[in-house]
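Let's walk through a few local features together, one turn at a time. Have a look first, then we'll talk.

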Amino acid sequence: DWFGFIEGIDTTGNGSLTFDLSCYFEGAEADKAAVEDNYPWMPLEFYPYIRNQNPRTFTLPMAAGAMVEDFMLGTLGFAAWMLALSPDDGCSAADNYDACPVWVQIQAGEVVLIYGILPEWAGDGRD
């Protein structure tokens, strides 16, 4: 399982994600990382703390039958999730997916599950 931000979605074929891998910290580790990064709002108002210091992104293919567990929309197949997205659902179906921090589960090099979409977090400059 990997944490990061969806930076783009290609819906052709089974689909793919442009994924920005990030570091995820909770509890005492979140405070420690925030101090290391000179995060200006201490103590943290929100957990977790997200660190994303590398601009590299990855293209991750979606497996046939990939699922999404969305806190607003419930559990859907990837294609159905794409159809259901709206700016009011946390992740925007527009060109900017900054409000889409997720965990992805990868098997045999393909995303089989997107889950844990976060409503609030600290760090990363997107909050």
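Q: Which backbone oxygen lies 3.3 Å from a polar atom of the side chain of Ser 22?
A: Polar contacts here are N or O atom pairs within 3.5 Å; within protein, one atom must be able to donate a hydrogen and the other to accept it, and residues adjacent in sequence count only if both atoms are side-chain atoms. For Ser 22, the backbone oxygen is that of Asp 20. The Ser 22 side chain also makes a polar contact with the side chain of Asn 52, at 3.4 Å.

Q: Anything I should know about the model itself?
A: It's a predicted model: local features need pLDDT of at least 70, side-chain atom pairs count only at pLDDT 80 or more, and totals for chains, interfaces and linings use all residues. Residues are numbered from 1 along each chain as its sequence is written, and side-chain values use heavy atoms, with hydrogens and water left out.

Q: Is Ser 22 buried or exposed?
A: Buried means under 20% relative accessible area, exposed over 50%, partly exposed in between (1.4 Å probe, protein chains only). Ser 22 counts as buried because its relative accessibility is 9%.

Q: And what does Ser 22 touch, leaving aside its neighbours within four places in sequence?
A: Contact means heavy atoms within 4.5 Å. On that basis, Ser 22 is in contact with Phe 3, Gly 4, Phe 5, Ile 50, Arg 51 and Asn 52.

Q: What about Trp 121, buried or exposed?
A: Trp 121 counts as buried, at 7% relative accessibility. Its C-alpha is 9.3 Å from that of Leu 44, though the two are 77 residues apart in sequence.
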